[in-house]
Amino acid sequence: MGDENDVDNGIVPHNLRDSNNAHNGKQVSLVALSPNGKYVVTYSEDNESIERWIVIDSELILDPEARLSPVEESAGYIHEIKVNDSKVVCYIRNSRINVLQMSNEHHQIKLHRWEPKKINFKKNGDFILSNKYKILIYHSKHDKMSNVLSLVSSHELSSYNDVINGMFIDDDNIWGISSNYLFHWDLETFKLKFSYSLGFTTEYWNEEFTVITKGNLIAVNYHNEINEIAIFLKDVHFPIRNIQLKSSDMKIEFCEVQNNFYLLAFNIPKKNENQNIILYSIIGINKHIDASKIFNNEDSENDSKNNFILYKYNSESKEAFGLVNGKFSYVNLPDLNWYKFFEPHKEEDDFVGWNNYLCQASEASEINYYNDTLAFPDMENIRSLIANKRENTNSFMDMILIDFNNQKYKWKIDLENSILSVYNDEELLCSKDMSYLKDLLNWEILNNNTLALLIYNFITIYEYDFSNKNIKIQYQFYKNEGLNIKDFSGPILPIDNDSPDEFVISSIIKDERCLARYGLTLLPILIESSNPKLTCYIEDIYNKCIKLVKEDPKGNMKFLNIITSFMNDLYKKHPDYITKFISEMFMILDPYNEKINSDEDYSYFCTFSQEIEISKITRSKFFELFNFFQNLYYLFLSYLPGSKPIQCITLIVPYIDYSRYPLEYSWWKEIFYPQSNSVFVNTSIKEFYTNWNGEAVINFKWNTFGRIYYFIIWLIFMGFLVCFTIASYPTNSITQEIRIKLYQTSIAFGFFHLLFELRQFFWNSKKYVLSIWNLFDLSAYFSATIASIYWIKYDDIPDWALSISCLLLDLKFLLFFRVFEYFVDENGNILKETLIQVPSENTNLFYSYPTSLLATYLFLTGNQNSLSPWAPNPTTENTILFLLVAVFSFLIVIYLMNLFIGLLNIAIEEDNDRASYLVQKAEVIAEIELFYLLSHQKRWGTWFPEVIYYQVDIKKARKYIKEAIKNGEWKKDDWPEMRNKILKLLNIEDAIKD
């Protein structure tokens, strides 16, 4: 692109120019930092050029190894520019990607033409192109950039009903946004890490958002008419703070000050505009602080210190890059500068963020309780504490001094007198007598300035409470057989399964951040405990979760997963909580969509999710053809007479995480022993399907994958049935060779089904043996397979063996119909007039049970008089008889099933409701999940979402609600705010009469 003749064209090499003459003196328009902050690149719209900068010894200079790079002459505006640590620069202009390597000899890098919305670089130098749905990663060499980048991977985002509203890539992370959720994937493995509730609604047409991270903090900035900002703590699904900025073009960065984190928000001013630089506390501050004075010194006569416009802030190096009078400039912000700015605000009551991290909370801020020791433990230092324990305690000093991080306080351990103290300079603030200090094995200061002590088999973490001026225990863990690093290998602190510390339990329940992280670990321990002092905390956890959801359904809905994840255990040991939960969460409006909508699915009961999935891009013609016919089908429905969109409301299933599987798994282990971590698999119980919530779960699973796999299994069984039936028919029209092949095929089908029966037996032998359906399936598959093997080996088999095998296979065939509502009435009863008319004494021998047995026996022995109503034509007798044999499995058994239907109706009368049918269908779907789906399929978010939504016709909803209230299923005190909101929306406030 450039050569030595550039000097003659007016482009001067860097080594002949100073930094003040960058871009030939023109103003900088855009600034970009390399992933690790090694290089800075600027673009000037006025000069149509790109410069590269480096910081050496706190000075910003032009990179002597790079030349001024003119931009290709083309109309249009460059809105984004990126650079990696290998001097590769990329920008987009007029939907055209331009990639070049900045050096004394510029290289224009060719790339396949594509129209991306965003460009980025990974830390390893790979180049990333992305838009709303696709991610393309190109590989580049560090030592020598080739003229063509090679495509190494291509992935795409997909969702169940197209809820993808945008995508953002940052370092090694992928962020996807839907209407109400933020999804986080790993860019290396493309595996989902976590999902977060935004607390606000995004628009489908607006995909502009950014995500920043630092330590345990995550912030998403959604660019709408106003900037919506949600700040999260890592692995905590609800936002700890939502901020609205009036300006729509604000940029955000995290900054750290003395172990406290703050959010820096600033805009890029246009001509004749002032820049706003605002500092927000992460935790609950009620006012924002004008932070422009940090970057500008109004008392200085130096323009670089009082006229600085911020463009980029590097939170790692605390370096700010911007403009001074249109020239690129740099400001280094050490901790000392920040400290001088915050010190005057330290005593302000509303400046909560300054004190809260170290528990220096003022009285005004003690409404919320925070235990950072539990919420975000310093696991690295804790593991170091255990790994480096000192065996020889005699080598300890009598007095150990440990300074706080960036604070003027210090811990003092007096081993001689067994006293733990906190000092401020030389002033004693508080002390605590601890006789067991003489057994101290090791100590460690943690990130939040708490002190961890290792004493034999105990680890105790102490914190200095600035408000009460005392030392208190924040965490304690004991293990009789001794502590090891494996106990602390996870992301959170372990809890004693046998006797958890009651202070720790109280802290977890009190702090919702701790509850979000430890709730799934703590609740099963309490459920399994027989200690009344511990089981009483079950009610506290239940009440806290329900309270949080009722107070803020948008942000706190996922707290319900703490309860729903252990519904089966609660049902067995504490069933009252499940009854209460089903009643309180009877019906929940989507908090982001509390209005009547028009549903174009033309269904009175439609389920969906907002999950987003990442998968490799495939160019399967079959998949494209399937999508084409699917779209054609929905288009056809829209033009059918009377096919008008229905009025409906959107509801949420409260069974959060009800059907999800752990993200970590071993595929080869699941082949032999499938994981049953899904709550859905373990809770095929009537109580969970007594209302629309349970039905929505069943319908979602059935429509998403259940019906496809069910029909495939049914089709395979049909092949088994047809092959065995034809091979077993006693006729000379089938040759010996064909009969052998049919039996061999039957054996293959039989072993296929028996393999899955064997997996079910190994998974839970007791449950398998106690299920009459499993035993019936086993007998049908086993008898036909053994009969086929016996015939091939001995060339003969008794007729009764073939008859029994055929009969069992025929009955099994009919059992496939049990999952269809067409063969079940509205109360769950199997219809008596299914498939055929009810026989009478004038119809045939199948009118009564004794004559049915007689007709069956006569037919099996070759007497066809029982089928006299269908007497064959003598000229085609053999053909017709062959067809009769082929359909024998359907005709004979259907009549015989009338007897079983009668017996079944008697059994169903004891449990005569729709829930029985749903439980039956749930068991079928659970079997498909466990034994037929592949391991990675069980981790697809679109198939196994966290939250399931369903839309219902308002007419059906009115009728359903009135019946539920009349039957006492929806009580007056069950979340009255939500109940009244739904009744008002449906205009049936008079449904409840006091």
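This is a short talk about cavities, salt bridges and one helix in the structure above.

Hi everyone, and thanks for coming. Please keep in mind throughout that we are looking at a predicted model.

Let me begin with empty space. Rolling a probe the size of a water molecule over the atoms shows where empty space is left. How many cavities of 30 Å³ or more does the structure hold? There are eight of them. The largest has a volume of about 180 Å³, and 14 residues line it. If you want to find it on your screen, look for Tyr710, Ile713, Lys812, Phe816 and Glu927, the lining residues that lie nearest its centre. Four helices each supply at least two residues of that lining: H17 (692-728), H18 (736-763), H20 (772-794) and H25 (914-931). And what classes of residue make up the lining? Eight are nonpolar, one is polar and five are charged.

Let's stay with one of those helices, H20. At 1.5 Å a residue, its 23 residues should span 33 Å, and the end C-alpha atoms are 32 Å apart, so the two values agree. Quite a list of H20 residues is buried, including Phe776, Ala780, Tyr781, Ala784, Ala787, Ser788 and Trp791. An α-helix has 3.6 residues a turn, so residues three or four places apart point the same way. Which elements do the buried residues of H20 pack against? The partners are H17, H18, helix H19 (765-770) and helix H21 (799-815). Just after H20 comes Asp795, which has a positive phi, near 60°.

Now to charges. Side chains of opposite charge can pair when their charged atoms come close. Searching the whole structure turns up 14 salt bridges, and I've picked a few to show you.

My opening example joins Lys701 and Glu929, with 2.4 Å from N to O. Lys701 sits in helix H17 and Glu929 in helix H25, so this pair ties together parts that are 228 residues apart in sequence. You'll remember both helices from the cavity lining. Are these two side chains buried or exposed? Both Lys701 and Glu929 are buried.

Next, Glu584 and Lys550 meet at 2.9 Å, N to O. This pair also links distant parts of the chain: Glu584 belongs to helix H13 (residues 575-584) and Lys550 to helix H9 (residues 532-551), 34 residues apart. Glu584 counts as buried because its relative accessibility is 12%, under the 20% cut-off. Lys550, at 27%, counts as partly exposed.

Then there is Glu208 with Lys118, where the closest N and O atoms are 3.7 Å apart. Glu208 is in the loop between strand S17 (192-197) and strand S18 (209-214), while Lys118 is in strand S10 (residues 118-121), 90 residues away. Here Glu208 is the partly exposed partner, with a relative accessible area of 40%, whereas Lys118 is buried at 15%.

Before we leave charges, have a look at Lys558, Arg660 and Glu946, which are linked in a network of salt bridges.

One last stop: Asn449. Where is Asn449 found? It lies in the loop between strand S33 (440-445) and strand S34 (451-455). With a relative accessible area of 3%, Asn449 is buried. Its C-alpha atom is 8.4 Å from that of Tyr464, a residue 15 places away along the chain.

That's my tour, and I'm happy to take questions.

Notes: Residues are numbered from 1 along each chain as its sequence is written. This is a predicted model: local features need pLDDT of at least 70, side-chain atom pairs count only at pLDDT 80 or more; totals for chains, interfaces and linings use all residues. Side-chain values use heavy atoms; hydrogens and water are left out. Buried means under 20% relative accessible area, exposed over 50%, partly exposed in between (1.4 Å probe, protein chains only). On a 1 Å grid over the protein atoms alone, a cavity is a set of points where a 1.4 Å probe fits but cannot get out, and a pocket is an open set with protein on both sides within 12 Å along at least five of seven lines; lining residues have an atom within 4 Å of a point. Grid points are joined across faces, edges and corners, and a volume is the space filled by probe spheres set on the points. Ala, Val, Leu, Ile, Met, Phe, Trp, Tyr, Cys and Pro count as nonpolar, Asp, Glu, Lys and Arg as charged, and the others, Gly among them, as polar. A salt bridge is a side-chain nitrogen of Lys or Arg within 4 Å of a carboxyl oxygen of Asp or Glu. The expected span of a helix is 1.5 Å times one less than its number of residues. Contact means heavy atoms within 4.5 Å.
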